[in-house]
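Student: I should like to examine this protein with you, beginning with its surface and then turning to its strands. May we see the sequence and the structure?

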Amino acid sequence: MNLIRTKFADAYLIEPKVFADHRGFFMESYRADKLHQWGIPHSFVQDNHSLSVEPGVLRGLHYQLEPRAQTKLVRVIAGAIYDVIVDIRKQSPTYGQWQGFILSADNKRQLLVPKGFAHGFCTLVPNTEVLYKVDEYYSPEHDRGILWNDPALGIDWPVSTPILSEKDERHPPLHEAELNFD
């Protein structure tokens, strides 16, 4: 596995070693000991799996408040997404900044999203499946979000009229969002 730094401290792209031949491929998609060697000590407790049938499905921008904030390890097993993280730690020098990444079944890259970041993705092709590990259980009372097209963030999404859930249509902009990250 290779660790690729992003512009944010503690957010990383992880590139697995893929062993391919005429039969297909094999890879280790997760190794706790390798992450721990890199100073990433998370113990994941829940796996989530989503299928988006159409391209242009946008899920996000989601996060959970402390004390139930989640670190996520995101990967795509079918299709492709434009994956976005936003730093929502008010004391951070990169507060309010975002970065986007292409994750796909082809490139097999994974994104480690630390606590204190909002996360969302937009599907690029039909029948996209996303798997992600989290280090804290889902908690409806701590579940929050930020408006996907908040003009103050200026995220350059690959669609202008995405397919959204009712919940994601109603999220507030960042300046009105409830945040409690140090």
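Student: How much space lies in the largest pocket?

Tutor: The model is a predicted one. In this model, the space in the largest pocket comes to about 420 Å³.

Student: Which element supplies the largest share of the lining of the largest pocket?

Tutor: The lining comprises 24 residues, and those nearest the centre of the pocket are Arg 59, His 62, Lys 72, Tyr 132 and Lys 167. At least two lining residues come from each of strand S5 (46–52), S6, strand S11 (117–123), strand S12 (128–134) and helix H2 (166–169). The largest share, 5 residues, is supplied by S6.

Student: How many residues of that lining are charged, polar and nonpolar?

Tutor: The lining of the largest pocket can be divided by class. Its residues are 5 charged, 10 polar and 9 nonpolar.

Student: Why do strands S9 and S13 each have one side without a neighbour in the sheet?

Tutor: An open sheet is formed by 5 strands with antiparallel pairing, in the order S9-S8-S11-S6-S13. Strand S9 (98–104) and strand S13 (143–145) lack a neighbour on one side because each stands at an edge, with a single partner strand.

Student: What is the average twist from one strand to the next?

Tutor: The twist concerns the open sheet ordered S9-S8-S11-S6-S13. From one strand to the next, its average is 30°.

Student: Which residue in S13 stands opposite Tyr 63?

Tutor: Strand S6 covers residues 58–64 and pairs with S13 in the antiparallel sense over 3 bridges. Opposite Tyr 63, in S13, stands Arg 144.

Key
Residues numbered from 1 in each chain as written. Predicted model: local features only at pLDDT ≥ 70, side-chain atom pairs only at ≥ 80, totals over all residues. Heavy atoms only, no water. Pairing = 2+ DSSP bridges. Helix = DSSP H or I, 4+ residues; strand = E, 2+ residues; numbered from the N terminus. Axes fitted to C-alpha atoms, helices over the stretch in contact; angles between N-to-C directions. 1 Å grid on protein atoms, 1.4 Å probe; cavity = no way out; pocket = protein on both sides within 12 Å on 5 of 7 lines; lining within 4 Å. Points joined across faces, edges and corners; volume = space filled by probe spheres on them. Nonpolar A, V, L, I, M, F, W, Y, C, P; charged D, E, K, R; others polar.
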